[in-house]
Amino acid sequence: MAGTVLTNTGLDSFLDGAPEHRDPAFARAAEAVLGLLALRGADRATGVPEPTPGLVRQLLVEDLPTFVYAPPDELAAYPAVLGALAARFDGGRRERIAVVVAESAPDFERAMNDPGNLTWHRWYASLLRTVGADLADPEDVRRRLAALDGAPLPDGVRRAHLMGRTALADVLLAEALTRAYVRDAETPPPAGPLLTDHAVATGIGRLAGALLDRWTAAGLAEQLAGPYARFAPGPEAFPHLVLADALLDEHLDYYGDPAAPVPPPPAIEAGPVEEDADALIAAVEELAEEEFEPYGGEAPHLLYAVYQRGCSADSVARKAAEYEDWSVDPALEDLPVPVPDAAPDTYTTPPVPELVRLLGTAELNEADRARLEGPARDLAVVLDRLAATGLVFRAGDAFGLTPRGAGVVRYLLGVRGVAAPDAAEAVAWTAPDVIAAAGGWSTSVAARVLADWLHARADTADAWSQLLAALGTVHAGTAEAAATRGLFAVLDTAGAPPEALRGALRDPVIGAYALEALRKRGEPADPIQVRTSARALHVLDALPAKKGPLESRRAAFDTAAAAWPGGSAALVRAMAAADRHETERVLRPLGIALP
């Protein structure tokens with residue numbers, strides 16, 4: 001029991017303060033609140049832990065959601081305990097704590113109810129309560145736990161999530177106990193030690209288990225560490241998390257932010273993802289051996305890179321050329337690769353015309369093809385070892401993830417917090433969200449996902465209007481604005497409702513794009529409605545940026561300026577006012593100064 005672990009918290013005197021404090025829910029909350037405040041170093045000179053705004057905030061949004069299970073109807077007891085505790089102190093402390101509690105209350109409830117914060121102990125305590133267990137009776141907890149074999153996990157939560165959160169909670173609680181003991185030993189408090197020498201002699205792990213039992217369910221920690229350990233597996237049961245870490249690193253290299261979503265695969269086949277992930281990490285670790293040099297260590301990158309392409313097939317030869325530092329046209333890096341229905345097991349480099357198509361280098365010849373043969377074969381060996389898991393395929397020069405493999409890589413990304421939606425989740429996004437995400441994807445993937453988003457809404461004029469409006473508002477005023485409005489080009493406007501395109505004519509960003517689309521369809525449109533800013537952006541986006549000789553790029557600008565009312569100065573002003581970032585990027589290399 002926590003009362004025998006944490007001494008001198010002032011719990012008894014606090015609960016004697018008023019009859020309502022003897023309510024079981026209030027008493028349970030008081031025990032946890034006073035104990036955690038004391039563990040975190042709250043001053044106990046007055047006999048009870050003295051709350052401070054910082055400690056109260058940490059308690060509500062970090063400690064309670066990590067260590068304590070409380071059913072929804074008892075959550076209000078925890079702020080109530082803090083209020084009653086603060087009332088014992090003068091000097092305005094009650095008011096200051098009340099402000100912090102009020103500000104933190106939404107975050108507290110959200111954190112306590114967030115499945116992502118669950119540990120094995122908190123989750124099983126909640127399950128035991130739903131089946132009527134007496135959480136204060138260790139024998140009833142043991143009996144009910146036995147009946148939970150095969151109990152479901154929370155929606156959207158994997159075993160690895162619960163394991164990781166539990167491992168973190170174990171470390172945090174052990175650290176808090178150790179620091180509290182050392183702190184009291186160095187400076188003995190007037191109220192007496194929080195932890196006795198005898199208690200500490202039994203082991204910090206046992207003390208932590210005793211606290212978790214009181215804060216979740218009696219006897220639960222012992223059961224999950226012993227006869228029911230299979231219900232709460234530890235890190236040793238998840239060897240594939242090493243691969244998850246590697247994929248997270250790849251994602252951060254690409255996007256710099258776990259919240260930046262990778263594209264949804266077009267198809268995912270459900271399978272035993274943990275077992276498949278274990279098979280995949282076994283292959284990855286085997287490939288890291290010297291015999292698979294020089295590309296064996298690239299297996300995590302290959303898995304991530306093909307997933308980041310929206311799981312469209314890639315080319316062995318093109319990838320090998322990249323590794324060998326050959327020149328590959330960036331515009332072709334995401335070019336889809338046809339997958340043959342049948343191909344020999346032995347790898348053969350594609351013929352020169354196909355290499356030219358894949359790499360974008362017209363000067364390639366048979367000697368170049370022969371030079372690429374060795375590296376491409378070495379890379380094919382790596383891919384064939386991955387393909388032996390059934391999660392990767394190689395057919396001729398094409399390779400990629402199988403639908404089951406896509407599900408495994410998505411799982412591995414998800415357990416490390418990377419935003420990895422499936423197709424259903426992506427089409428459920430709002431228009432601004434799907435546009436913001438698509439701006440970071442390849443053209444072919446963005447076109448597929450945006451088309452799916454529109455189709456899910458029956459391609460209505462309202463859906464089109466929402467999407468078109470988002471092109472001009474997402475990332476507005478930032479360096480990403482040009483790439484965002486560039487998504488207009490991937491939309492199949494030939495099938496767009498004409499009223500949606502006409503409604504976009506007055507949009508200050510994509511109005512000229514809408515006008516051009518209507519004209520291509522032979523639809524009537526009023527060019528007078530198109531604003532100057534939209535016309536300037538349309539001209540700006542049509543100028544070659546960092547491609548071709550400066551002379552030809554300057555000539556393109558001069559041609560556009562000659563047709564602009566007021567000439568080049570007026571055009572530059574309009575461009576800069578509409579998108580200064582892109583205007584500077586395109587015009588500064590031409591020696592054109594912005595106003």
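Valine 33, leaving aside neighbours within four places in sequence, is in contact with Leu59, Tyr78, Val81 and Leu82. In this predicted model, valine 33 sits in helix α3, which covers residues 24–39, and its relative accessibility of 0% falls under the 20% limit, so it counts as buried. The C-alpha atom of valine 33 lies 9.2 Å from that of leucine 60, a residue 27 places away along the chain. The points below set this residue beside the protein as a whole, its largest pocket, and several other positions in helices, loops and a strand.

**The protein as a whole**

- The secondary structure of the protein comes to 30 helices and 3 strands, and the C-alpha trace spans about 85 × 60 × 50 Å along its principal axes.
- Of the 595 residues in the protein, 48% are buried, while the accessible surface comes to about 26,600 Å², with 54% of that area belonging to carbon and sulfur atoms.
- When contacts between residues at least 6 apart in sequence are considered, 70% of them join residues that are at least 24 apart.
- The protein carries 53 positive and 84 negative charges, and the mean positions of these two sets are 6 Å apart.

**The largest pocket**

- The largest pocket holds about 680 Å³ of space, and its lining is made up of 28 residues, of which Pro330, Ala331, Glu333, Asp334 and Ser442 lie nearest the centre.
- The elements that give two or more residues to this lining are α15 (299–308), α16 (316–323) and α22 (443–456), and the largest share, 3 residues, comes from α22.

**The loop between α14 and α15**

- Phenylalanine 292 lies in the loop between α14 and α15, and proline 294 is found in that loop as well, with α14 covering residues 273–287.
- The peptide bond that runs from glutamate 293 to proline 294 is cis, with an omega near 5°.
- Phenylalanine 292 has a relative accessible area of 14%, which is under 20%, and it is therefore classed as buried.
- Not counting residues up to four places away in sequence, phenylalanine 292 touches Glu286, Leu287, Val381 and Val382; for one of these, valine 381, the C-alpha atom is 8.0 Å from that of phenylalanine 292, although the two residues are 89 apart along the chain.

**Two residues with positive phi**

- Cysteine 311, which belongs to the loop between α15 and β1 (314–315), has a positive phi of about 65° although it is not a glycine.
- The relative accessible area of cysteine 311 is 14%, and because this value is under 20% the residue is buried.
- Aspartate 325, placed in the loop between α16 and α17 (352–359), likewise has a positive phi, near 65°, in a residue other than glycine.
- Aspartate 325 has a relative accessible area of 71%, and because this is over 50% the residue is exposed.

**Serine 315 in strand β1**

- Serine 315 is found in strand β1, and its relative accessible area of 0% is under the 20% limit, so this serine is buried.
- Not counting residues up to four places away in sequence, serine 315 touches Val337, Leu358, Asp397 and Phe399.
- Serine 315 and arginine 22 are separated by 293 residues in sequence and, measured here only as a computed C-alpha to C-alpha distance, by 70 Å in space.

**Aspartate 541 in helix α27**

- Aspartate 541 has its place in helix α27, which covers residues 532–542, and its relative accessibility of 25% lies between the 20% and 50% limits, so it counts as partly exposed.
- Once residues up to four places away in sequence are set aside, aspartate 541 touches Arg485, Tyr513 and Glu582.
- From C-alpha to C-alpha, aspartate 541 and methionine 575 are 9.9 Å apart in space, with their positions 34 residues apart in sequence.

Methods: Residues are numbered from 1 along each chain as its sequence is written. This is a predicted model: local features need pLDDT of at least 70, side-chain atom pairs count only at pLDDT 80 or more; totals for chains, interfaces and linings use all residues. Side-chain values use heavy atoms; hydrogens and water are left out. Helices (H or I, at least four residues) and strands (E, at least two) are DSSP runs, numbered from the N terminus. Buried means under 20% relative accessible area, exposed over 50%, partly exposed in between (1.4 Å probe, protein chains only). Contact means heavy atoms within 4.5 Å. Accessible areas come from the Shrake-Rupley method with a 1.4 Å probe; for residues, only the protein chains shown count as cover. Lys and Arg count as positive and Asp and Glu as negative; His and the chain ends are not counted. The place of a charge is taken as NZ of Lys, CZ of Arg, CG of Asp or CD of Glu. On a 1 Å grid over the protein atoms alone, a cavity is a set of points where a 1.4 Å probe fits but cannot get out, and a pocket is an open set with protein on both sides within 12 Å along at least five of seven lines; lining residues have an atom within 4 Å of a point. Grid points are joined across faces, edges and corners, and a volume is the space filled by probe spheres set on the points.
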